[in-house]
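Colleague: I would like to learn how to read a model like this one, going from single residues up to the whole chain. Could we begin with what it takes to call two residues neighbours in space?

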Amino acid sequence: MWVSKITEEDLTDEIIDRLLFEGLEDTGENVDCIIVLGSIKATKYRVPVAINAYNAGRAKKIMLCGGALRMFPDGEFIEAEHMYKRVIELGIPKENIILEKNSQSTVENILCAMVELQRTFWLNNVKKVLLVTTTYHMRRSLAIARYLFPIHIDVVPCPANDNNTNRYNWMNSSEGIERAKGEALNIVRCVKKGVIPDFEI
C-alpha cells in the first residue's frame, strides 16, 4: 500500500505497526555524529539512548537539536539547552557537544542540524549520522533526514522507546492510540504535501 493512498479509515493496528515501526532497528554502526531531536520528553527518553551510543564509542560528537521554548518540571528552557544540562550531568565533555538552538519543528531540526554539521565537520566530510528520536516519531524523522541530507550521508535510525508508544504497547492505552494514529496521519500528510517522497508499506 502506498502511503499517499492511506486514509484514516485504513489505520488498522497492522497498518499503524507497519507504517510507524517496521524495519527501523538500529544497526549498531559507528557514525560521525549522533543527532538527538528535541521534544518535551527528549531528556527523559532520547538522551539516555544517545548517551549509550556515545559511551559505546559509536561517535565522538553528539548534537542536541531544538529551539522551542518549553516549560519543564525544573523550569523554562529551550529544548536543546534542557538536554545539554542532562548530557553534562552524565559526563559528556562540553567540546564534544553541538547545540542546535534554532529549529521549531522536525523539518527544521533536520535543516538546522545540517548547518551545524557543516560548521563542525564540513558536510563533505560527514559520511554517516545516527538519528535519535522517539520510536513512533522515527519513520517521519528518518524520511525527512534521508530526503533533505546530501545523498552521500547515510542516516542510521536509533529509536528511543517511551512508556506508552513503543511497538508493543501503543494499542494498550488511549494516549498511545491517539499518539500513534496522529503520527500515522502526520506521515500521510507529509507525503501528500511533498515533504517526503511517497513510499510503500
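Modeller: Contact means heavy atoms within 4.5 Å, and the model to which we apply this is a predicted one. Thr135 is a useful case: once its neighbours within four places in sequence are left aside, Thr135 is in contact with Leu20, Phe21, Pro159, Ala160 and Asn161.

Colleague: Where does Thr135 lie, and is Thr135 buried or exposed?

Modeller: Thr135 lies in the loop between strand S6 (128-134) and H5. Buried means under 20% relative accessible area, and Thr135, at 11% relative accessibility, counts as buried. The side chain of Thr135 also makes a polar contact of 2.7 Å with the side chain of Asn161.

Colleague: Which side chain is joined to that of Thr43 by a polar contact?

Modeller: Here the general idea is that a polar contact is a pair of N or O atoms within 3.5 Å; in this case the side chains of Thr43 and His82 are joined at 2.8 Å. Thr43 is found in helix H2 (residues 42-55) and is buried, with a relative accessible area of 15%. Not counting residues up to four places away in sequence, Thr43 touches Pro48, His82, Met83 and Arg86.

Colleague: How should I read a helix as a whole, and how many of the eight residues of H1 are buried?

Modeller: One goes through the helix residue by residue and then looks at what the covered residues meet. Helix H1 (residues 13-20) is mostly covered, with six of its eight residues buried, namely Ile15, Ile16, Asp17, Arg18, Leu19 and Leu20. These buried residues of H1 pack against helix H5 (138-148) and helix H6 (174-192).

Colleague: What is Ile177 in helix H6 in contact with, and why does Ile177 count as partly exposed?

Modeller: Ile177, which is found in helix H6, counts as partly exposed because its relative accessibility is 30%, a value between the limits of under 20% for buried and over 50% for exposed. Leaving out residues up to four places away in sequence, Ile177 touches Trp170 and Met171. The C-alpha atoms of Ile177 and Thr133, 44 residues apart along the chain, are separated by 19 Å.

Colleague: And what of Ile196, in the segment after H6: how far apart in space are Ile196 and Leu148?

Modeller: Ile196 and Leu148 are 48 residues apart in sequence and 8.7 Å apart in space, taken C-alpha to C-alpha. Ile196 is buried, with a relative accessible area of 2%, and its contacts, beyond neighbours within four places in sequence, are Ala143, Ile144, Tyr147, Ile187, Cys190 and Val191.

Colleague: Turning to the whole chain, what pattern does the protein chain follow along the sequence, and how do its dimensions read?

Modeller: The protein chain has six helices and seven strands, arranged along the sequence as α-β-α-β-β-β-α-β-α-β-α-β-α. Its radius of gyration is 16 Å, close to the 17 Å that the globule rule gives for 201 residues, so the chain is as compact as a globular protein of that length. The C-alpha trace spans about 50 × 40 × 30 Å along its principal axes, and buried residues make up 52% of the 201 residues.

Colleague: What share of the contacts in the protein chain with a separation of 6 or more comes from residues 24 or more positions apart?

Modeller: Residues that far apart account for 72% of those contacts. As for the outside, the accessible surface of the protein chain comes to about 9,800 Å², of which 50% belongs to carbon and sulfur atoms, while the mean positions of the 25 positive and 27 negative charges are 4 Å apart.

Technical notes
Residues are numbered from 1 along each chain as its sequence is written. This is a predicted model: local features need pLDDT of at least 70, side-chain atom pairs count only at pLDDT 80 or more; totals for chains, interfaces and linings use all residues. Side-chain values use heavy atoms; hydrogens and water are left out. Buried means under 20% relative accessible area, exposed over 50%, partly exposed in between (1.4 Å probe, protein chains only). Helices (H or I, at least four residues) and strands (E, at least two) are DSSP runs, numbered from the N terminus. The radius of gyration is taken over C-alpha atoms; the globule rule is 2.2 Å times the number of residues to the power 0.38. Accessible areas come from the Shrake-Rupley method with a 1.4 Å probe; for residues, only the protein chains shown count as cover. Lys and Arg count as positive and Asp and Glu as negative; His and the chain ends are not counted. The place of a charge is taken as NZ of Lys, CZ of Arg, CG of Asp or CD of Glu. A polar contact is a pair of N or O atoms within 3.5 Å; within protein, one must be able to donate a hydrogen and the other to accept it, and residues adjacent in sequence count only if both atoms are side-chain atoms.
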